[in-house]
Amino acid sequence: MKKNKLSIGITFLFAAIVCTYCTKEENSMVADSELSSIKKAKVSGYIPGTDITEQLQSDLESGLSVTLPAGHFYLRKGVWIAGYPGGTIKGAGRDLTIIETAEDFIPPYDPNLGGCYQSGVLTFQNTEGDIIIKSMSFLVKGEHPAERHWYPFLGGYWSTSIDNVITVAGSGASLECKDLRIKGEFVGYDVDGAFNGYNITWPIVGSGWGNEDLFDNLSVKDCEIDGAGVAAIDIWMGRTGEFKDNKISNAVNGIMLITVTEAITIKDCHFENITFQTISKTDIGGDCLCCFKDNTMDGQPMEDDCK
């Protein structure tokens with residue numbers, strides 16, 4: 001394969017947040033814990049057909065869970081959140097709620113990348129919370145969907161692609177993706193800034209910070225991912241991964257597993273047109289319980305391997 005660059009590296013930082021509760025006098029109108037619940041459940045008035053960048057950034061920075069109605073929405077810049085305490089971002093279904101990266105998508109500054117920028121659509125850092133993203137689609141179109149920026153990973157190069165669609169990273173963090181569709185495009189090997197010819201590099205990433213600061217769990221279920229210049233799903237420095245009932249197509253690698261220590265399940269996943277490795281495994285601990293079962297590649301059964 002032409003220009004198949006596969007040096008891997010992701011570096012992210014996370015911090016913890018502690019939720020506190022207190023009691024109120026009998027005549028208090030609402031307890032603190034109830035106020036916290038109400039705040040996290042707030043649904044803002046997202047309007048279909050509009051740019052929701054600032055509104056989504058503000059709501060997530062405030063620690064809110066977000067519900068998007070049916071409709072087509074746009075992001076002109078990546079949403080980058082530090083210290084998110086955990087919550088849910090959900091739509092009305094992957095055929096109904098669509099988020100599209102606007103033309104000349106602006107990569108947000110990432111202080112953890114040594115002064116570099118990263119064109120991530122949703123990036124969560126410095127959190128130990130549980131994040132759920134479900135029931136929506138992410139759409140990336142065109143040869144150069146993002147403004148040109150220096151991407152320090154994969155040997156470093158000038159990227160005009162969407163580097164990451166969903167990234168959650170940090171010690172003790174977890175990410176659950178369910179009923180999602182992530183759709184990119186193969187735009188050609190000779191397109192400058194498109195890694196391995198795709199306009200998305202890593203659609204879904206769950207990453208720890210080191211061997212002593214592992215990502216807790218990455219779960220991807222009932223999702224469709226089409227187009228990835230490196231890997232459709234990547235867990236790096238994590239404890240567990242669970243991937244079920246997914247369709248992954250047109251990617252260099254299907255699922256990439258790097259330094260996973262406890263358990264991995266890949267079941268009922270269907271891979272099509274994977275050019276390098278369907279399941280890539282690096283530094284998987286000898287005590288890690290792995291189960292690969294009932295998966296297919298280009299319509300043909302893959303070998304089961306459970307222990």
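Colleague: Start with D268. Does this residue count as buried or partly exposed?
Modeller: Bear in mind that this is a predicted model. D268 has a relative accessibility of 24%. Buried needs under 20% and exposed over 50%, so D268 falls in between and counts as partly exposed.

Colleague: Which side chain does D268 meet in a salt bridge?
Modeller: Side chains of opposite charge can pair when their charged atoms come close. Here the N to O distance is 3.0 Å, and the cut-off is 4 Å. The partner has a relative accessible area of 26% and is partly exposed. The partner of D268 is K267.

Colleague: Which residues are joined into one network by salt bridges that share partners?
Modeller: The link comes from shared partners. One of the pairs inside this network is R94 with D222, which meet at 3.8 Å, N to O. The full set is R94, D95, D179, R181, D222 and E224.

Colleague: How many residues apart are R94 and D222?
Modeller: Their side chains meet in a salt bridge, yet the pair links distant parts of the chain. R94 is in the loop between β4 and β5, and D222 is in the loop between β13 and β14. The separation is 128 residues.

Colleague: What is the relative accessible area of R94, and does R94 count as buried or exposed?
Modeller: Its partner D222, at 34% relative accessibility, counts as partly exposed. R94 falls under the 20% cut-off, so this residue is on the other side of that line. R94 has 14% and is buried.

Colleague: Which residue meets E242 in a salt bridge?
Modeller: The N to O distance is 3.2 Å. E242 is partly exposed at 23% relative accessibility, and the partner is partly exposed at 26%. That partner is K244.

Colleague: Now cysteines. Which two does a disulfide join?
Modeller: A search of the whole structure finds one disulfide. Its S to S distance is 1.9 Å, inside the 2.5 Å cut-off. The link is right-handed, with 50° about the S-S bond. The two cysteines are C291 and C306.

Colleague: Which strands hold C291 and C306?
Modeller: The two cysteines are 15 residues apart, and the pair links distant parts of the chain. C291 is in residues 289-293 and C306 in residues 305-306. Those strands are β17 and β20.

Colleague: Why is C288 in no bond with C290?
Modeller: C288 is buried, with a relative accessible area of 0%. C290 holds the closest cysteine sulfur. A disulfide needs sulfur atoms within 2.5 Å, so this pair is too far for a bond, at 3.9 Å.

Colleague: Which strand gives the most to the largest nonpolar core?
Modeller: Nonpolar side chains tend to be buried together in soluble globular proteins. This core has 59 residues, and F124, I133, F138, L175, F243 and L257 touch the most other members. The top contributor gives seven residues and spans 247-267. That strand is β15.

Colleague: Take F243. Which residues is F243 in contact with, leaving aside neighbours within four places in sequence?
Modeller: F243 is among the core members that touch the most others. Contact here means heavy atoms within 4.5 Å. The list is L218, V220, I233, I235, I255, L257, I264, T265, I266, K267 and C269.

Colleague: How many residues are in the other core?
Modeller: This core lies apart from the largest one. Its members include Y151, W236, M256 and I258. The count is 14 residues.

Definitions and conventions: Residues numbered from 1 in each chain as written. Predicted model: local features only at pLDDT ≥ 70, side-chain atom pairs only at ≥ 80, totals over all residues. Heavy atoms only, no water. Helix = DSSP H or I, 4+ residues; strand = E, 2+ residues; numbered from the N terminus. Buried < 20%, exposed > 50% of the residue type's maximum accessible area, 1.4 Å probe, protein only. Core = buried A, V, L, I, M, F, W, Y, C linked by side-chain atoms within 4.5 Å.
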